[in-house]
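The following paragraphs go through one protein chain, from overall figures to individual strand pairs. Please keep the sequence and the model at hand while reading.

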Amino acid sequence: MELRQLRYFLTVVEEANFTRAAARLHVAQPGVSAQIRQLERELGQRLLDRTGGSVTPTEAGEAVLPHARAALAAVEAVRDTVDEFSGLLRGHVTIGVVSGAVTQDFDLALALADFHDAHPEVEITLTEDTSDRMRAALLGGRLDIALLGLAQDALPSGLALDVVVDEPLVAALAEGDPLLTPGRTEVTLAELEGRPLIGLPRGTGIRAVLDRACADAGIRPRIAFEAASPQLLARLAARGLGVAVLPVPGADAPPGLRILRITEPEPRGRIALAWRTQGPPGPAARALLARLRTSLAAATTAGAQVPAATATTAKAPALAARAITGKPPASR
């Protein structure tokens with residue numbers, strides 16, 4: 001039995017697919033299949049059920065999983081201990097990002113590039129997904145860190161986070177819309193009932209906020225278009241295809257877009273940097289988390305005084321950061 005076989009087995013279980021597992025492991029798919037078949041022959045039991053639409057662990061596979069994870073974690077702990085003596089930081093960090101989480105005030109690519117320059121032996125995997133799936137991936141250990149949207153004030157069990165964006169959602173409309181009367185800056189949620197709305201997909205924090213606000217107001221939203229990018233929502237609204245519900249657009253807002261603040265109720269869009277309560281498992285992930293928290297705090301401070309948008313212009317969002325958790329995980 002080899003550690004490589006255990007790593008392949010664990011990755012296939014997490015991805016529920018041989019092809020995705022091979023891509024994540026950066027090896028050919030037949031090699032993954034061959035190694036797992038060899039592991040099954042050595043153990044004398046089938047570990048994976050390949051008959052359904054996705055690959056799932058058998059009863060024996062479920063029993064092996066915790067031991068495989070423990071063996072791989074022990075090897076990583078040995079490496080980490082040795083690296084502490086040499087001062088070398090290495091490992092693999094997985095980060096998830098929800099669409100729209102990267103604002104003009106925070107350059108995630110720059111923060112990651114700076115970290116890579118300082119720690120070239122650390123491999124970073126960056127993925128984009130919905131907030132719901134990223135919360136599950138954090139709790140399941142498939143992600144170390146995530147920038148995700150929040151739909152409610154309650155802290156998800158098992159997760160710690162810093163809120164890095166907290167701003168009202170607005171209605172973005174095209175010039176000439178009947179709601180844009182002279183001097184108007186606000187619109188109630190009830191006034192949007194029956195109007196074609198343009199929103200983010202289900203599973204995103206902002207969409208959950210909109211759906212909850214409509215439910216609280218007794219309104220059934222009419223979603224005409226969905227798009228994963230707030231920038232695309234704004235462009236669709238500027239072309240008169242509906243009313244986009246989104247955070248305040250930044251300086252890259254399309255021409256002809258007009259903004260009204262939504263009231264009664266006032267839904268808010270929030271984005272948070274999140275991690276498991278006990279902190280990421282490895283020193284590389286803990287170091288990157290500390291770097292991102294510092295960078296986000298600096299970006300938040302720089303953008304905190306930006307003025308709110310009016311009905312005639314779309315201005316950059318103001319950021320308001322606050323830590324919901326207690327102490328950050330220790331870095332070493």
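Among contacts in the chain between residues at least 6 apart in sequence, what percentage joins residues at least 24 apart? The figure is 74%. The model is a predicted one, and the chain in it has nine helices and 13 strands. Of the 332 residues in the chain, 44% are buried.

The nonpolar cores come next. In soluble globular proteins, nonpolar side chains tend to be buried together. Here the largest nonpolar core has 33 residues, and Leu-189 and Leu-192 have the most contacts inside it. Two or more residues of this core come from each of the strands β6 (159–174), β8 (196–199), β10 (243–247) and β11 (257–263), and from each of the helices α7 (205–216) and α8 (230–238). A second core, separate from this one, has 24 residues, including Ile-95, Val-122, Ile-145 and Leu-273.

Leu-189 can be followed further. Leaving aside residues up to four places away in sequence, Leu-189 touches Leu-210, Ala-213, Cys-214, Ala-217 and Ile-219, and also Ile-262, Thr-263, Glu-264 and Pro-265.

Helix α8 is one of the elements that contribute to the largest core. Its buried residues are Pro-230, Leu-233, Ala-234, Leu-236, Ala-237 and Ala-238. Against which strands do the buried residues of α8 pack? They pack against β6, β8, β9 (222–226), β10 and β11. Just after α8, Gly-240 takes a positive phi of about 80°.

Strand β10, one of those packing partners, is largely enclosed by the rest of the structure, because five of its five residues are buried. β10 pairs with two strands that also give residues to the largest core, β6 and β8. With β6 the pairing is antiparallel and runs over four bridges; Ala-172 stands opposite Ala-244 in β10. With β8 the sense is parallel and there are two bridges, and here Leu-197 stands opposite Val-243 in β10.

Strand β5 (residues 145–150) can be read in a similar way. Six of the six residues of β5 are buried, and the strand is mostly covered. In which sense does β5 pair with strand β3 (residues 91–97), parallel or antiparallel? The pairing of β3 and β5 is parallel, over three bridges, and Gly-96 has Ala-146 in β5 as its bridge partner. With strand β12 (residues 268–276), β5 pairs in the antiparallel sense over five bridges; there, Leu-148 has Ala-272 in β12 as its bridge partner. The second core includes Ile-145, a residue within the range of β5.

The last stop is a pair of helices. Helix α2 (residues 18–25) packs with helix α3 (residues 29–43) at an angle of about 105°, and the two axes are 8 Å apart. Angles of 65 to 115 degrees count as roughly perpendicular, so α2 is roughly perpendicular to α3. On the α2 side, the residues in contact are Phe-18, Thr-19, Ala-22 and Leu-25; on the α3 side they are Gln-29, Val-32, Ser-33 and Ile-36. By class, this contact has five nonpolar and three polar residues, and no charged ones.

Definitions and conventions:
Residues are numbered from 1 along each chain as its sequence is written. This is a predicted model: local features need pLDDT of at least 70, side-chain atom pairs count only at pLDDT 80 or more; totals for chains, interfaces and linings use all residues. Side-chain values use heavy atoms; hydrogens and water are left out. Axes are lines fitted to C-alpha atoms, for helices over the stretch in contact, and angles run from 0 to 180 degrees between N-to-C directions. Angles under 35 degrees count as roughly parallel, over 145 as roughly antiparallel, 65 to 115 as roughly perpendicular and the rest as oblique. Contact means heavy atoms within 4.5 Å. Ala, Val, Leu, Ile, Met, Phe, Trp, Tyr, Cys and Pro count as nonpolar, Asp, Glu, Lys and Arg as charged, and the others, Gly among them, as polar. A nonpolar core is a set of buried Ala, Val, Leu, Ile, Met, Phe, Trp, Tyr and Cys residues joined through side-chain atoms within 4.5 Å. Buried means under 20% relative accessible area, exposed over 50%, partly exposed in between (1.4 Å probe, protein chains only). Two strands pair if DSSP finds at least two bridges between them.
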